[in-house]
Amino acid sequence: MTKQVQQLDRVIIRFAGDSGDGMQLTGDRFTAETAEFGNDLSTLPNFPAEIRAPAGTLPGVSSFQLHFADHDILTPGDAPNVLVAMNPAALKANLSDLPRGADIIANSDEFTKRNLAKVGYAESPLEDESLSEWRVHSVPLTSLTVKALEEFQISKKDAERAKNMFALGLLSWLYHRPVEATIKFIESKFAKKPDIARSNVAAFNAGWNYGETTEAFSVSYEIKPAKLAPGIYRNISGNQALAYGLIAASVQSGLPLFLGSYPITPASDILHELSKHKRFGIRTFQAEDEIAGVGAALGAAFGGALGVTTTSGPGVALKAETVGLAVTTELPLIVVDVQRAGPSTGMPTKTEQTDLLMALYGRNGESPIPVVAPSTPSDCFDIAVEAARIALKYRTPVILLSDGYLANGSEPWKLPEVDDLPDISVDFTTEVNSDDGTFLPFKRDTETLARPWAIPGTPGLEHRIGGIEKADGTGNISYDPNNHDLMVRLRQAKIDGIDVPDLEVDDPSGSARVLVLGWGSTYGPIAAAIRRVRRAGGQVAQAHLRHLSPFPKNIGEVLKSYDKVLLPEINLGQLALLLRAKFLVDIISYNRVRGLPFKAEELAGVIQDVIDSE
C-alpha cells in the first residue's frame with residue numbers, strides 16, 4: 001500500500017506519560033533527530049517535582065513538547081497538534097491544551113478500569129464519544145512492544161519499558177525523521193546490557209514498521225529543513241549553553257574556572273556538564289550546602305580564579321551574606337540563579353521570573369550588583385561570557401538570571417567563531433601602586449573604579465580584606481562615618497558606570513506608538529506575538545533587556561518615545577515597579593505566575609488590545 005505524504009511547514013508534538021515512561025528521553029531523541037534533519041526547533045520539557053509520584057496519577061504526568069518547522073520559530077508552540085498519551089492520566093492532564101481537530105495517539109493498553117478510576121474516568125474516553133472533536137488513534141503500544149520482543153531473553157517488565165521506543169519509532173516514521181543516530185544512541189546507552197540494547201532497538205524498529213504497514217496511519221508528514229544562516233549548528237539546552245559559556249569565559253580570560261555548587265533543580269545540570277570538562281582546567285566542587293558552595297567560589301576568586309556558583313531562588317537567599325562579602329571585598333564572582341517557582345520550595349520544576357528584586361536588593365546594606373539575563377537557550381552562552389567580562393573588569397559579583405524554561409528548553413545554536421569571542425583577559429597587580437612603596441588594595445582605576453586584584457602570596461603586596469568596612473585606598477578597618485559614606489557611593493558609582501550596550505528597538509515602520517518591553521525568557525513569546533500582530537496590520541515596537549543593572553543608558557529615552565509601554569512578566573510586576581520609579585513612565589504590566597511561559601496567542605491579544613486603546 002502506497003501511503004500519502006503531506007507537506008507541512010511546522011508541527012507541535014507533545015509526548016506525555018507517567019514519570020517512569022521515559023517521555024523526556026523520547027522527546028530528547030526525537031529532538032535530536034529533528035536537529036539532525038535541519039529543522040528549526042524549540043522544546044518545552046515539563047516534569048513533576050516528585051522523584052516518583054504514584055504511577056498513573058495526574059501529579060505524576062511528565063511531558064515533552066517539541067515545535068519544529070521549515071522556517072525560523074521562537075517558541076515551543078502554544079498548543080500541540082499531536083498528543084502522544086501513554087495512559088489516561090497523560091490524556092486528562094493535557095487534553096485542555098489540545099485544539100479541536102488535533103491528533104491523539106493513545107496507548108489503549110493502559111486504559112484499564114484501574115487506571116481510569118485513578119483519574120476520575122467512569123468510562124474509557126477512547127470508547128465513548130467524549131473525544132469526538134479530536135482525531136483519535138488508539139494503539140496498543142504496550143502489547144505491540146511485548147509481542148515484538150518475544151524472542152529476546154528479557155523480562156516482561158523490561159519489554160514493557162521499551163514502549164517509549166516503540167512510540168518513538170512510530171513518530172519517527174510519521175514525520176520522516178532520520179533514525180540512524182537514535183539506533184546508535186540506544187546501542188551506546190545500553191552498551192553494558194546488550195540484551196536491553198538489542199530489545200530497545202527492536203522496539204524502535206517495530207514502531208517504525210507499524211507506521212509503515214498499519215492502515216491506522218494512511219498519511220505521513222514531511223517538514224522540510226529550515227533555511228538557516230550558514231554555519232555549524234548543534235541542538236543545545238540553556239544549561240548546556242551556560243556551561244559552555246563559562247568554559248569559554250575561562251579560556252578567554254586565561255583564568256582557571258572554579259565552580260562551587262550545591263545541587264538544586266533546575267540548575268544542577270550546569271554542575272553536571274562542567275564536571276565533564278576537566279581537560280579545560282575546570283574544577284567543580286559539590287559542596288555540602290549552598291553557603292559552602294558560594295564561600296568556596298569566593299575563596300577561589302580571592303586566589304585568582306574565575307569563581308562561579310550556581311543555584312536557584314532558595315539558594316540565592318542562603319548565599320546572600322557571602323555575596324555581600326564579595327560586594328565589599330570587590331572580588332569578581334558569578335552567581336547563576338536559574339529561577340523557579342516560589343516562594344520557599346514552591347514548584348521546583350516550573351519556571352518563573354520572580355527573583356529580580358531579590359537579585360538587586362536581597363542583601364543587607366547598600367549592596368549594588370550587576371544583573372544580566374539571557375533571552376533564549378542559546379543566548380545563555382553569550383550572557384555567561386558577558387557576566388564574566390563585567391565581573392573581571394569591574395571586580396564585582398554578577399548575578400545571572402536564567403530560569404527553568406531556558407535551562408531545560410533547547411534550540412539550534414550556531415557555533416561561534418573562536419576569534420569572534422571577546423578578549424576578557426586579566427592583568428593581576430604585581431607591583432606596589434603608591435608613591436611611598438606600599439600596596440593600596442583599594443586604590444581604584446580612574447576609568448572603571450575597579451580596585452587592583454593581587455594574587456595572595458605576591459611579594460610586597462600582602463593585604464587585608466574582609467567584611468568590615470575598610471578605609472578608602474588602604475583597606476584598613478574603618479568606622480569613620482564620612483569614609484563609610486564615601487565607600488558606599490564609590491561602590492554604587494562603579495556599578496552605575498559599567499559599560500553596557502544601548503537598548504535596541506525593533507520598530508520597522510518607525511510609526512509604532514506602542515512598545516512591548518521584555519526581559520529574560522519572555523523574548524520568544526513576545527517576539528512571536530508581535531509577528532502575529534504585525535501580520536494582522538498592527539504597528540508595534542519591541543525591545544528586550546539583557547542588562548537589568550545597570551540599565552542601558554538610553555532606556556529612559558526609549559521608554560518616553562512611545563505613548564504606551566507594555567511589559568509582560570512572569571511575576572507580579574517587578575521590573576515594571578523599577579521602571580515606574582526610576583523613569584516616571586506609566587508602564588502597563590501584564591503578569592501571569594503559572595509556572596509556565598507565556599503563549600504567543602495570549603500575548604498577541606493583549607498587545608492588540610493596547611494598540612486598540614490608543
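This passage describes the overall fold of a predicted protein model, two helix pairs and several individual residues.

The model is predicted, so local features are reported at pLDDT of at least 70 and side-chain atom pairs at pLDDT 80 or more, whereas totals for chains, interfaces and linings use all residues. Residues are numbered from 1 along each chain as its sequence is written, and side-chain values use heavy atoms, with hydrogens and water left out.

To start with the whole chain, the protein has 20 helices and 22 strands; here helices (H or I, at least four residues) and strands (E, at least two) are DSSP runs, numbered from the N terminus. Along the principal axes, the C-alpha atoms fill a box of roughly 90 × 65 × 45 Å. The radius of gyration is 27 Å, which agrees with the value near 25 Å for a compact globule of 614 residues; the radius is taken over C-alpha atoms, and the globule rule is 2.2 Å times the number of residues to the power 0.38. Of the 614 residues, 57% count as buried, where buried means under 20% relative accessible area, exposed over 50%, and partly exposed in between (1.4 Å probe, protein chains only). Among contacts (heavy atoms within 4.5 Å) with a separation of 6 or more, 77% come from residues 24 or more positions apart.

Two helix pairs can be looked at side by side. Axes are lines fitted to C-alpha atoms, for helices over the stretch in contact, and angles run from 0 to 180 degrees between N-to-C directions. Helix α17 (residues 523-535) packs against helix α20 (residues 600-612) at an angle of about 55°, with the axes 8 Å apart. That angle makes α17 oblique to α20, given that angles under 35 degrees count as roughly parallel, over 145 as roughly antiparallel, 65 to 115 as roughly perpendicular and the rest as oblique. On the α17 side, the contact includes Pro525, Ile526 and Val533, while the α20 residues include Leu603, Ile607 and Ile611. By class, this contact has eleven nonpolar, one polar and two charged residues; Ala, Val, Leu, Ile, Met, Phe, Trp, Tyr, Cys and Pro count as nonpolar, Asp, Glu, Lys and Arg as charged, and the others, Gly among them, as polar.

For helix α4 (residues 141-148) and helix α6 (residues 163-174), the angle is about 100° and the axes are 9 Å apart. These two helices are therefore roughly perpendicular to each other. Leu141, Thr142, Leu144 and Thr145 of α4 meet Lys163, Phe166 and Ala167 of α6, a set of four nonpolar, two polar and one charged.

The loops hold some backbone details worth a visit. A cis peptide bond joins threonine 265 and proline 266, with omega about 0°, and proline 266 sits in the loop between β10 (257-261) and α10 (268-274). The bond from serine 549 to proline 550 is also cis, with omega near -5°; proline 550 belongs to the loop between β20 (547-549) and α18 (555-559).

Positive phi appears in glutamate 330, at about 55°, although this residue is not a glycine. Glutamate 330 lies between α12 (313-329) and β13 (333-339) and counts as buried at 1% relative accessibility. Serine 344 has phi near 50° and is found in the loop between β13 and α13 (356-361), where serine 344 is exposed with a relative accessible area of 62%.

Leucine 572, in the loop between β21 (564-569) and α19 (574-583), is exposed at 75%. Leaving aside residues up to four places away in sequence, leucine 572 touches Asn591 and Val593.
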